[in-house]
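Thank you for making time this morning. I would like to walk through one model with you, beginning with its pockets and then moving on to contacts between charged side chains and a few points of backbone geometry.

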Amino acid sequence: MRIDVFTLFPDWFDWFSSQRHVANVLAGGSTVECVDFRAATPLSGGQVDDTPFGGGAGMVLRVDVLDAALRARYGVDPVELRSRRRVVALSPGGRLLDEQLVAELAAEPELTLLCGRYEGFDERILEHFASDVVSIGRYVLSGGELAAMVLCDAILRRLPGALGDERSAEEESFSAALEGNPEYPHYTRPADYRGWKVPEVLLSGHHERIAEWRLRQSRERGRRERGEDAATGGGAT
Ligand code: ADE
């Protein structure tokens, strides 16, 4: 997986890339490379944004700056680029990120992420250059960088080598193994802490019963999340 992140703050990603699970994947040949919008701006003084037409607070990332930055990196008209690789703009109003979208993006060989700043992007960037507009939640961050890191983390942890134990990714929240439900609860030692006991079944060593219990718990959490009555759907033991 090769990920290019277009940002005004490339050094934010130094910390991210040095985290163990990310570094493991990068050591295996994947890349996260940052491209500074400012480096290719056609405007003087490193200008990349401007005041919004129609008035209002804040600054808006300019379409000509993005055009120049993408063209400098890929050597093609950015309008063509999005038919060759997914170009994902991070914006609070985009498609909500979920495990399905993560899986879809993780299957791509290459990705381009665009991080907005200030009031965000000139709409023409989203309309003409981006293949996807993705939001990590219905709240506004000061820029797309943290959202891009969330997306990179969710993608990279799926790749071989990220997690010490590959099995940890198989049966986790929202996986097919759990029918798309949240993961079941986990416990570790001590088995009894201040009278809070670990469910007996987990101490039984009976693998089949444990698997059944976990699936039941996971389904119940799913029903609760969807606002359905957990008690009607088959056992909360
Ligand atoms: N940029 C600012 N807020 C954002 C959010 N919630 N998701 C994605 N990008 C953003």
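Which residues line the second largest pocket? Before I answer, please keep in mind that this is a predicted model. The lining of that second largest pocket is made by Asp 50, Thr 51, Pro 52 and Phe 53, then by Val 60, Leu 61, Arg 62, Val 63 and Asp 64, and finally by Asp 122 and Arg 124. Strand E4, residues 60-61, and helix H3, residues 63-74, each contribute at least two residues to this lining. If we sort the lining of the second largest pocket by class, five residues are nonpolar, one is polar and five are charged, and the pocket has a volume of about 220 Å³.

Let me turn to the largest pocket, which holds about 300 Å³ of space. It is lined by 22 residues, and those closest to its centre are Leu 90, Ser 91, Pro 92, Gly 120 and Leu 141. Three elements each give two or more residues to this lining, namely strand E5 (86-96), helix H6 (123-128) and strand E7, and the largest share, three residues, comes from E5. By class, the lining of the largest pocket has 11 nonpolar, eight polar and three charged residues.

Leu 141, which I have just named among the residues closest to the centre of the largest pocket, also belongs to a nonpolar surface patch, where Trp 12, Tyr 139 and Leu 146 join it to make an area of about 360 Å². Within that patch, Tyr 139 sits in the loop between strand E7 (132-135) and helix H7, and Tyr 139 counts as partly exposed because its relative accessible area is 43%, which falls between the cut-offs of 20% for buried and 50% for exposed.

Now to the charged side chains, where the count of salt bridges comes to 20. I will take one pair at a time, starting with Glu 145 and Arg 117, whose side chains meet in a salt bridge with an N to O distance of 3.0 Å. Glu 145 lies in helix H7 and Arg 117 in the loop between strand E6 (110-115) and H6, so this pair ties together parts of the chain that are 28 residues apart in sequence. Both Glu 145 and Arg 117 are buried.

The next pair is Glu 179 and Arg 219, which form a salt bridge whose closest N and O atoms are 2.8 Å apart. Here too distant parts of the chain are linked, since Glu 179 is in the loop between H7 and E8 while Arg 219 is in helix H9, residues 207-225, and the two are 40 residues apart. Are these two residues buried or partly exposed? Glu 179 is partly exposed because its relative accessible area is 46%, and Arg 219 also counts as partly exposed, at 34%.

A further salt bridge joins the side chains of Arg 226 and Glu 228, with 3.0 Å from N to O. Arg 226 is partly exposed at 49% relative accessibility, and Glu 228 is partly exposed at 39%. Beyond these pairs, there is also a network of salt bridges that links Asp 4, Glu 33, Arg 73, Arg 85 and Glu 110.

I will finish with the backbone. As general background, most residues other than glycine have a negative phi, and most peptide bonds are trans. With that in mind, which residues join in a cis peptide bond? They are Arg 189 and Pro 190, where omega is about 0°, and Pro 190 is found in the loop between helix H7 (145-156) and strand E8 (192-193).

That loop between H7 and E8 also holds Glu 179, the partner of Arg 219 in a salt bridge, and although Glu 179 is not a glycine, its phi is positive, at about 55°. Arg 194 likewise has a positive phi, near 55°, and is a residue other than glycine. Arg 194 lies in the loop between E8 and strand E9 (196-197), and it counts as exposed because its relative accessibility is 64%, which is over the 50% cut-off.

Conventions
Residues are numbered from 1 along each chain as its sequence is written. This is a predicted model: local features need pLDDT of at least 70, side-chain atom pairs count only at pLDDT 80 or more; totals for chains, interfaces and linings use all residues. Side-chain values use heavy atoms; hydrogens and water are left out. Helices (H or I, at least four residues) and strands (E, at least two) are DSSP runs, numbered from the N terminus. Buried means under 20% relative accessible area, exposed over 50%, partly exposed in between (1.4 Å probe, protein chains only). Patches are made of residues with over 30% relative accessible area and no salt bridge: like charges are joined within 9 Å, nonpolar side chains (Val, Leu, Ile, Met, Phe, Trp, Tyr) within 5 Å. Accessible areas come from the Shrake-Rupley method with a 1.4 Å probe; for residues, only the protein chains shown count as cover. A salt bridge is a side-chain nitrogen of Lys or Arg within 4 Å of a carboxyl oxygen of Asp or Glu. On a 1 Å grid over the protein atoms alone, a cavity is a set of points where a 1.4 Å probe fits but cannot get out, and a pocket is an open set with protein on both sides within 12 Å along at least five of seven lines; lining residues have an atom within 4 Å of a point. Grid points are joined across faces, edges and corners, and a volume is the space filled by probe spheres set on the points. Ala, Val, Leu, Ile, Met, Phe, Trp, Tyr, Cys and Pro count as nonpolar, Asp, Glu, Lys and Arg as charged, and the others, Gly among them, as polar.
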